[in-house]
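Student: Could we take a close look at one small part of this structure together? I'd like to see how you would read it.

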Amino acid sequence: MTDEQALTYVQGAAFALDLPMDTDRAKRVAANLARTTGMARMLDKVPMAAHDELAEIYCPKPFPSL
């Protein structure tokens, strides 16, 4: 995702959701989105098997009964 593509996406999403967003804020949000996309792409390249996924071992504590 290029910086221009990220900015276009952010501005389009803000418009669709009727979120007021000036150009400076949209640029900051787009920069964060592009950075996050880059990190996700790096993680996608790491070979991982199902047993590498930590979410499978997550077990939330039950709510206490009242």
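Student: Is valine 46 buried, partly exposed or exposed?

Tutor: Happy to dig in, and keep in mind that this is a predicted model. Valine 46 is partly exposed, because its relative accessible area is 43%, and the partly exposed class lies between the 20% and 50% cut-offs. As for where to find it, look in the segment after helix H2, which covers 23–44. Val46 also has company: together with Leu43 and Met48 it makes a nonpolar surface patch of about 310 Å².

Now swing over to the buried side of things. The largest nonpolar core has six residues: Ala6, Leu7, Val10, Ala26, Ala30 and Ala34. Helix H1 (3–16) and H2 are the elements that give two or more residues to this core. Leucine 7 shows the link nicely, since leaving aside residues up to four places away in sequence, it touches Ala26, Lys27 and Ala30.

Between H1 and H2 there is a loop, and aspartate 18 is found there. Aspartate 18 isn't a glycine, yet it has a positive phi of about 55°. It counts as exposed, because its relative accessibility is 68%.

Finally, zoom out. The chain has two helices and zero strands. Its radius of gyration is 18 Å, while a compact globule of 66 residues would come in near 11 Å. Buried residues make up 12% of the 66 residues, and carbon and sulfur atoms account for 62% of the accessible surface of about 6,200 Å².

Notes:
Residues are numbered from 1 along each chain as its sequence is written. This is a predicted model: local features need pLDDT of at least 70, side-chain atom pairs count only at pLDDT 80 or more; totals for chains, interfaces and linings use all residues. Side-chain values use heavy atoms; hydrogens and water are left out. Patches are made of residues with over 30% relative accessible area and no salt bridge: like charges are joined within 9 Å, nonpolar side chains (Val, Leu, Ile, Met, Phe, Trp, Tyr) within 5 Å. Accessible areas come from the Shrake-Rupley method with a 1.4 Å probe; for residues, only the protein chains shown count as cover. A salt bridge is a side-chain nitrogen of Lys or Arg within 4 Å of a carboxyl oxygen of Asp or Glu. Helices (H or I, at least four residues) and strands (E, at least two) are DSSP runs, numbered from the N terminus. Buried means under 20% relative accessible area, exposed over 50%, partly exposed in between (1.4 Å probe, protein chains only). A nonpolar core is a set of buried Ala, Val, Leu, Ile, Met, Phe, Trp, Tyr and Cys residues joined through side-chain atoms within 4.5 Å. Contact means heavy atoms within 4.5 Å. The radius of gyration is taken over C-alpha atoms; the globule rule is 2.2 Å times the number of residues to the power 0.38.
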